[in-house]
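Me: Please take a close look at a single part of this model, namely the side of one chain that touches its partner, and describe it with the cut-offs stated.

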Amino acid sequence: MKHSLVRVFRALPVVLILMLNPASDAAAQERTLAYLVPDIRIPFWDIMARGIHQKATELGYELSVHSADNLSRRELEATVAAIDSGVDGIILSPTQSSAAVTVLKLAEQAGIPVVISDIGAKSDNYVSYIESDNDQGAYNLGELLVAALDEKGWMDGTVGIVAIPQKRANGKARTEGFLRALEEHGVSTAGIYQQADFSYRETYEFSRRLIQDNPQLRAIWLQGSNRYRGALDAIWESGKTGQILLICFDAEPEFLAMIRSGDLVAAGMQQPFLMGETAVEAMHRHLSGAPVEKVQRLPVLPVHRSNLEQLLPTIQRTVLGNRSQP
Amino acid sequence: MMKQVAANTSGYPSLLGRTTSLVVAVIAGVFLLHAVYVYSTARAEITAGIEQDVHESLERLSRSIAPFIESYSVHEYESLIATEMALKQHFAVILEDYEMGRILGQPYYLYGQLRQQNGQYRLFQERTQPVQHELAQAFYQASAPIMGGNDEVLGTIRIYAADDLLVAKLERVVLEELLTVLALALTLSALLGTVLHRSVFRSIVAIDDALRNKDAEGIPLQPVPPFQYRELAVLSDGINTMLESIKASREQLKLERSRLENIISGTRSGTWAWNVQTGETVYNKRWAEIAGYTLEELAPVSIDTWMNLAHPDDLQRSADLLERHFRGELAYYECEARMRHKDGH
């Protein structure tokens, strides 16, 4: 009893109880879901959490959101807290693919179904895995970058990469898709750095080293979006603004303006809001006894100045999670 | 007249066969003793090897797992244990993770792998009765604490070794050793047999062949062939010398007998001889003729033949003289006695 109280107490700071729409689905009355998220402070995860909340509310589920702040210990504590609270299902965006194995094992032992939304897992004892088509999205992004380099006559230039951890399945897929596009057009890579703490300082330092060590560098590709400012500052401080392009996976609200102005060549925009909604739908179908696809792959939107306006309504809703959009 | 006489030696054991059997038995015995020594040595080495493997794995795992426990990377250390199990084929590995246990509100989080009879590994997370029963079958077990960076105990790792690997390895050692012993024993026996046959037994067979061809009196007809080896050459020379001596003595005897027969036949003497010990008597043809008989008519002859034909007066005298000779009073027996002719005179 003492231990349980301690665990609940520890979990409290990372738990957000989101109230439900009273006009909920009668079939899902009193059912609860937990969303385990790596770091709710990161916009991508926040938008996904909102998508999950949106769909959970629609379907009449009570939802608790547990942020791990990118710490495995917090993630495990949140898992135990969710299990102890008797949730009917867990939506999991793991801190790492390997960490998901333990979460899945604990949930399986408790008989709680899990739907994974992004990142992936190194085991398959889940109901469904909702992922972005990282490989195709990165490939499309690579194609857009090659077109931009070609337009500027910089095809002999090199491209530096600041990657998310390659232990993650999505990290590997992004790297493979992007490199495939570069190789098909004969564009060389300058080097690849792997993020560890996802800080501004880390992104800035990796970008600075790429610029310093590679005089032929013509582009930096960030596999994550939130620390883009570090890369821009490194380019600016090196005096190469306008000479080195920036291209990002994922999206930030300000990216729309940056793409329009040309500060950002393109962005491969995942649709976290849509992913969250899809994850809850998958869990709801499972809890209702309906069959669920094991893997559901959602497209990544390759957004460039040329297609931005056309994609804007979709981006507003499924990428940025603005509920006012249809 | 000479003829070959074959001694009935078929029931005798073969010297070559017996010697070869003895050599094979001695070689096999020596190698079997060696095999026993190798077995006991191998058992001790394999046992020590298993224990060393367990302790090396303990040291490696306790060192490698610590950072994973500290970072709550459960899957990583589970993979590490699985790899170590597959690599070293331990019977079981159990990890008690105290850090994860705190999260779960338990003394520890248990992760275990157990090797089953089919060689597959089975995961377990509780020490159930069947698991405890299987672990109790372990041949050897050891444990080590997992220490964190601040010298706090993060968990305990236990490794169990089964004796099935020991048995399998020992069976392989025994099989290899037996095959080696068999191969070496057969090879050595064949070599020794060949050497013995070529250097010794072939010579003995040659002596045997030479001695088997005998005349009517059992004297070998041919000399034993010469040999290159000193011992056999001495034996061969000795036999040949004896054979030549026997042959020379026999020739001399024949010559003397021939002379005696010539004297007897030339003087037309009748002779008789009595072997007092055996009772055997020999009469020549002339002795029978003097008495008016043929030897066939007197047959079967004995001392009674002489006594029946002797004059009764001479018979008593002959008996007295013979008695005195037996008593040693006379150097030899000499007696003239009258015989009754067939015609009665």
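Reply: What follows describes the side of chain B that touches chain A. This is a predicted model, in which local features need pLDDT (the predictor's confidence in each residue, from 0 to 100) of at least 70, side-chain atom pairs count only at pLDDT 80 or more, and totals for chains, interfaces and linings use all residues. Residues are numbered from 1 along each chain as its sequence is written, chains are lettered from A in the order in which they are written, and side-chain values use heavy atoms, with hydrogens and water left out.

Contact, meaning heavy atoms within 4.5 Å, joins 13 residues of chain B to 15 residues of chain A. The buried area, that is, the accessible area (1.4 Å probe) that the two parts lose on being put together, summed over both, is about 1,300 Å², with 59% of it given by carbon and sulfur atoms. Of the area that chain B buries against chain A, Y72(B), H75(B) and I103(B) supply 43%, more than any other three residues.

Two salt bridges are counted between the chains, each being a side-chain nitrogen of Lys or Arg within 4 Å of a carboxyl oxygen of Asp or Glu. E78(B) forms a salt bridge with K105(A), where the closest N and O atoms are 2.6 Å apart. On the chain B side, α2 (74–88), α3 (98–104) and β2 (109–115) each supply at least two residues, and α2(B) gives the most, with four; here helices (H or I, at least four residues) and strands (E, at least two) are DSSP runs numbered from the N terminus.

As for confidence, chain B averages a pLDDT of 87, and 97% of the residues score at least 70, while the model scores ipTM 0.70 and pTM 0.62.
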